[in-house]
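Reader: Hello! Could you take me on a close look at a single part of this model, and then show me what lies around that part? I would enjoy one connected walk rather than a list.

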Amino acid sequence: MSKKPELRGRAARLARLLPSGPSQAARTPFVLLVVLLLGGGLITLLILNSSLNEGSFQLSELKKETTELTDQEQELQRDVDAYAAPDALQRRARELGMVPGGDPAFLNPDGTVRGVPGAAEQSALQTDPRPQEVASPAPSVSIPVSAPPPAPQASPAPAATPAVPSEAPPTPTLSAKPGPTTSGR
């Protein structure tokens with residue numbers, strides 16, 4: 001019927017390199033290769049899916065643990081805030097036998113005293129500051145406190161030193177080199 005046209009030149013040389021008849025390659029190795037590739041891909045997807053699920057479980061456990069730790073941190077912060085409140089500090093100081101101090105005095109860099117220091121109130125020293133029942137956020141340890149020593153009696157200072165009050169003890173000069181002192185600031 002129809003014959004193949006004869007090829008000439010370059011096309012003829014290329015045609016000799018290619019097989020001319022129907023392909024005789026075995027189909028079994030090709031089918032096995034395709035099945036192995038598909039099976040390997042499915043197994044890889046299964047392993048990947050399993051590892052992602054495991055990571056998801058770990059992530060949810062870590063989120064739960066983070067939430068618990070955050071709640072614990074907030075609870076501890078509330079405890080710290082309760083202990084740092086001024087009324088709690090005052091109550092704890094009274095439990096330890098402390099009394100409010102008097103007026104403060106400050107030292108200037110040149111060694112002069114600014115302000116008049118005051119002693120603690122005698123009535124506060126003589127009364128028992130501990131109430132019968134103290135409500136505190138946590139149990140406290142009792143420390144025996146001895147009675148505070150009596151306030152020292154200061155001798156009157158000569159009138160020639162107006163910059164230092166008569167109740168204040170003499171203060172050392174803080175400057176390294178001697179220089180003129182100024183008072184009245």
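Author: Gladly! Let us start with the salt bridge, of which the structure holds one. Please keep in mind that this is a predicted model. The partners are Arg92 and Glu95, and their closest N and O atoms lie 2.9 Å apart. The two side chains are also joined by a polar contact of 2.9 Å.

Where does this pair sit? Arg92 and Glu95 are three residues apart in helix H3, so about one helical turn separates them. How buried or exposed are the two partners? Glu95 has a relative accessibility of 15%, and because buried means under 20%, Glu95 counts as buried. Arg92, at 32% relative accessibility, counts as partly exposed. The bridge therefore links a partly exposed arginine to a buried glutamate. For the chain as a whole, 5% of the 185 residues count as buried, and Glu95 is one of the buried residues.

Now let us step back to the helix that carries the pair. Helix H3 covers residues 86-95, and its axis comes within 5 Å of the axis of helix H2, which covers residues 27-84. The two axes cross at roughly 65 degrees. Which residues make the meeting? On the H2 side they are Ala82, Tyr83 and Ala84, and on the H3 side Pro86, Ala88 and Leu89. By character, the residues of this contact divide into six nonpolar, no polar and no charged. So H3 has a nonpolar contact with H2, and H3 is also the helix that holds Arg92 and Glu95.

Following the chain onward from H3, we reach the loop between H3 and strand S1, where Ala105 is found. Ala105 counts as partly exposed, at 33% relative accessibility. What does Ala105 touch, leaving out residues up to four places away in sequence? The answer is Val113, Arg114, Gly115, Val116 and Pro117. With one of these, Gly115, the C-alpha separation is 4.8 Å, although Ala105 and Gly115 are ten residues apart along the chain.

Next comes the loop between strand S1 (106-107) and strand S2 (113-114), which is the place of Thr112. Thr112 counts as buried, at 12% relative accessibility. The side chain of Thr112 makes a polar contact of 2.9 Å with the side chain of Asp110.

Beyond S2 lies the loop that leads to helix H4 (122-126), and Gly118 has its place there. With a relative accessible area of 36%, Gly118 is partly exposed. Apart from neighbours within four places in sequence, Gly118 is in contact with Gly102 and Asp103. Gly118 can also be placed relative to Gly101: the two are 17 residues apart in sequence, and their C-alpha atoms are 7.6 Å apart in space.

Finally, here is the setting for everything we have visited. The chain has four helices and two strands, and along the sequence they follow the pattern α-α-α-β-β-α. Among contacts with a separation of 6 or more, 55% are between residues 24 or more positions apart. The accessible surface of the chain is about 16700 Å², and carbon and sulfur atoms account for 62% of that area.

Key. Residues are numbered from 1 along each chain as its sequence is written. This is a predicted model: local features need pLDDT of at least 70, side-chain atom pairs count only at pLDDT 80 or more; totals for chains, interfaces and linings use all residues. Side-chain values use heavy atoms; hydrogens and water are left out. Axes are lines fitted to C-alpha atoms, for helices over the stretch in contact, and angles run from 0 to 180 degrees between N-to-C directions. Contact means heavy atoms within 4.5 Å. Ala, Val, Leu, Ile, Met, Phe, Trp, Tyr, Cys and Pro count as nonpolar, Asp, Glu, Lys and Arg as charged, and the others, Gly among them, as polar. Buried means under 20% relative accessible area, exposed over 50%, partly exposed in between (1.4 Å probe, protein chains only). A polar contact is a pair of N or O atoms within 3.5 Å; within protein, one must be able to donate a hydrogen and the other to accept it, and residues adjacent in sequence count only if both atoms are side-chain atoms. Accessible areas come from the Shrake-Rupley method with a 1.4 Å probe; for residues, only the protein chains shown count as cover. A salt bridge is a side-chain nitrogen of Lys or Arg within 4 Å of a carboxyl oxygen of Asp or Glu.
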